Amino acid sequence: MGVYLNSKAAYTLYKSETEKPYFLDKSSMLEELFPLVQTGNNHICITRPRRFGKTVMANMISSFFSRACDTKDVFQKLRIAESKDYEKYRNQFSVIHVSLNELGGRCNSYEQYIERIETRLVRDLKREYPNVWIDEKESVVDAFLELYAQNEETRFIFVFDEWDFIFHQSFTTEKDKKDYLMFLRDLLKDRPYVQLAYMTGILPIAKYSSGSELNMFSEFTMAEEERFSEYFGFTELEVDLLFERYQKKTQKQQITRDGLKNWYDGYHTKAGERLYNPRSVVVALSNNNLGNYWTSSGPYDEIYYYIEKNVDAVRDDLARMVSGIPVPVKIREYAATSQELKTKEEIFSAMVVYGFLSYENGKVSIPNKELMDKFTEMLQKEPSLGYVYRLARESERMLRATLAGDTNTMEEILELVHDTEVPILSYNHETELAAIVNLVYLSARDFYRVEREDKAGKGYVDFIFYPEVDKNADAIILELKVDHTPEEAIQQIKDKKYALRFQGKIGEKKKYFGRILAVGISYGKNQKKHSCKVEIL
């Protein structure tokens, strides 16, 4: 068996995946590939953010189609076994599977990187086809063409995982990127030996660059194409299934279904179906703990780069999104080789591609608590963000004043924000007041789960702060009013019995043991003044 050609590695990895407690069967995707394999010379590329299941699916595809070994022990238990063409396609093809995110032991240049791949491919072909004379010094494309010339039935399924990995390496130059695109084009475009080329990555493929080198690929992104979406990310029903498994196998459960939704939901298919971050859901259930698993799993300097280097273009919209307001923007796929993202549209498009923002109905937003925590951290540490950074710093003082019932300080901070720090809102409606309140309580997210428009008592409360770090901490119910008094806001909290939200459901153990603070915040449009009131319920 070769290193890339008909290797057993993908089978070993995928089998291990299927034996894990939170494995989800997504083998139905294989049936969608059967017609493409049948007709031949098809090329598809799946682009998704990091850790959205691309590698697992690539291993599944390779292990199913490859004749390297009999994989019946794995696939007979999965949905694909129900397909009428199951036996026709299982383990019937020569598969070349290359994980393009491997540098090898010593690789300090693009030349070393691509030479390693070509050398291994040629060696695999010589080993697999000993009766065909192949010169190890000739190009890998010539080696494939020589094979096909001697036997026209010699065709291959190519599986290339993380095609854009090399673009992220510090040693890769602009010339290297162009050479790499030409390598992929020469190897795969209009070649009779290509049965199917299946490629994955994060960045949009280079058909969006000026040369259109890889325009033979049909690309399927989360934002622009519906097909294949269900196989990358977890749907609501799939998370329900995993949560049921968690409940059966975990004695001291620390995770709720609502917690999973709050932390890891927020992505969408083009058709509007909700998707959860798969890595984070699995790790959270395995660890019995909600946490920032995805944003800590790789180099996330990109998010800082896009903001820090383009402050004027994105700062105000970032403030809106952190305050909970989706921002209209035209998302477009930018060139994979682009180094300078100059417009707001380009920057936000890149952030959607990397999974930092969610895109739905023409608007971008911060998807979930996991990402909100990352943005909040940035706002609190990045002085170049100007007034947004200063506002984040003021939020620490706002929380302390609220807990102390210091309404004078609360009103002072709100006046400061309104008069000098917020050029982004007209501030004439309660939704805009809510946006400001979201910002001035930014630091509260370090200690609380802050919910907007949460169901409580006999209605929906504007904001409710659930203690997360210390269950003995004060809980906060916050109601907003425009052209009404803060006393009226607090009376509404009482009348609609919002405090019942902290008592839990009948039969549940009490979760919160501190005081419950009712906070009323009002703004008078004529007087242009804020008023605050804090009362213990």
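Buried means under 20% relative accessible area, and exposed means over 50%. The model used in these exercises is predicted.

**Exercise 1. Place Q527 and decide whether Q527 is buried or exposed.**

Step 1. Find the loop. Q527 sits between β14 (516-524) and β15 (529-536).

Step 2. Apply the cut-off. The relative accessible area of Q527 is 57%. Exposed means over 50%, so Q527 is exposed.

Step 3. Look across the chain. D483 is 44 residues away from Q527 in sequence, and their C-alpha atoms are 9.3 Å apart.

**Exercise 2. Describe the surroundings of β14 and name the strands that pair with β14.**

Step 1. Check burial. Of the 9 residues of β14, 9 are buried, so the strand is largely enclosed by the rest of the structure.

Step 2. Split the strand into its two faces. One side carries I516, A518, G520, S522 and G524; the other carries L517, V519, I521 and Y523. Both faces are covered.

Step 3. Take the parallel partner. Strand β13 (residues 475-482) pairs with β14 over 8 bridges in the parallel sense. Here A475 stands opposite I516.

Step 4. Take the antiparallel partner. β15 runs antiparallel to β14, and 8 bridges join them. Y523 has H530 as its bridge partner in β15.

Step 5. Close the hairpin. β14 and β15 have 4 residues between them. In this turn K528 has a positive phi of about 55°.

**Exercise 3. Work out the strand order of the open sheet that contains β8, β9 and β10.**

Step 1. Recall the principle. Strands of a sheet pair through backbone hydrogen bonds, either parallel or antiparallel.

Step 2. Find the edges. β8 (327-328) and β9 (358-360) each pair on one side only, and are the edge strands.

Step 3. Write the order. The 3 strands run β8-β10-β9, with antiparallel pairing.

Step 4. Check one pairing. β8 and strand β10 (residues 363-365) are joined antiparallel over 2 bridges. P328 is opposite K363 in β10.

**Exercise 4. Determine how far helices α10 and α11 are buried, and what stands at their ends.**

Step 1. Start with α10 (residues 257-264). Here 6 of the 8 residues are buried, so the helix is largely enclosed by the rest of the structure. They are R257, G259, L260, N262, W263 and Y264.

Step 2. Step past the end of α10. G266 comes just after the helix and has a positive phi of about 120°.

Step 3. Turn to α11 (residues 278-287). Its buried residues are P278, S280, V281, V283, A284 and L285.

Step 4. Inspect both ends of α11. N277 caps the N-terminal end, with a side-chain oxygen 3.2 Å from the backbone nitrogen of R279. N288 follows the helix and has a positive phi, near 55°.

**Exercise 5. Find what N368 touches.**

Step 1. Locate the residue. N368 is in the loop between β10 and α15 (369-381).

Step 2. Check exposure. N368 has a relative accessible area of 6%, so N368 is buried.

Step 3. List the contacts. Leaving out residues up to four places away in sequence, N368 touches N262, W263, Y264, D265 and Y267. N262, W263 and Y264 are among the buried residues of α10.

Step 4. Add a polar contact. A polar atom of the N368 side chain lies 3.2 Å from the backbone nitrogen of E370.

**Exercise 6. Classify two aromatic pairs, F64 with Y86 and Y129 with F156.**

Step 1. Choose the descriptors. A pair of aromatic rings is described by the distance of the centres and the angle of the planes. The structure has 32 aromatic pairs.

Step 2. Classify F64 and Y86. Their centres are 6.1 Å apart with 45° between the planes, and the pair is tilted. F64 is in helix α3 (residues 54-65) and Y86 in helix α5 (residues 86-89), 22 residues apart. Both F64 and Y86 are buried.

Step 3. Classify Y129 and F156. The centres are 6.3 Å apart and the planes stand at 85°, so this pair is edge-to-face. Y129 lies in the loop between α6 (110-128) and α7 (140-150), while F156 belongs to strand β3 (residues 156-161).

Step 4. Check burial. Y129 counts as buried at 18% relative accessibility. F156 is buried at 1%.

Technical notes. Residues numbered from 1 in each chain as written. Predicted model: local features only at pLDDT ≥ 70, side-chain atom pairs only at ≥ 80, totals over all residues. Heavy atoms only, no water. Pairing = 2+ DSSP bridges. Buried < 20%, exposed > 50% of the residue type's maximum accessible area, 1.4 Å probe, protein only. Polar contact = N/O pair within 3.5 Å; in protein donor to acceptor, adjacent residues only side chain to side chain. Contact = heavy atoms within 4.5 Å. Phe/Tyr/Trp six-rings, centres within 6.5 Å; stacked < 30°, edge-to-face > 60°.
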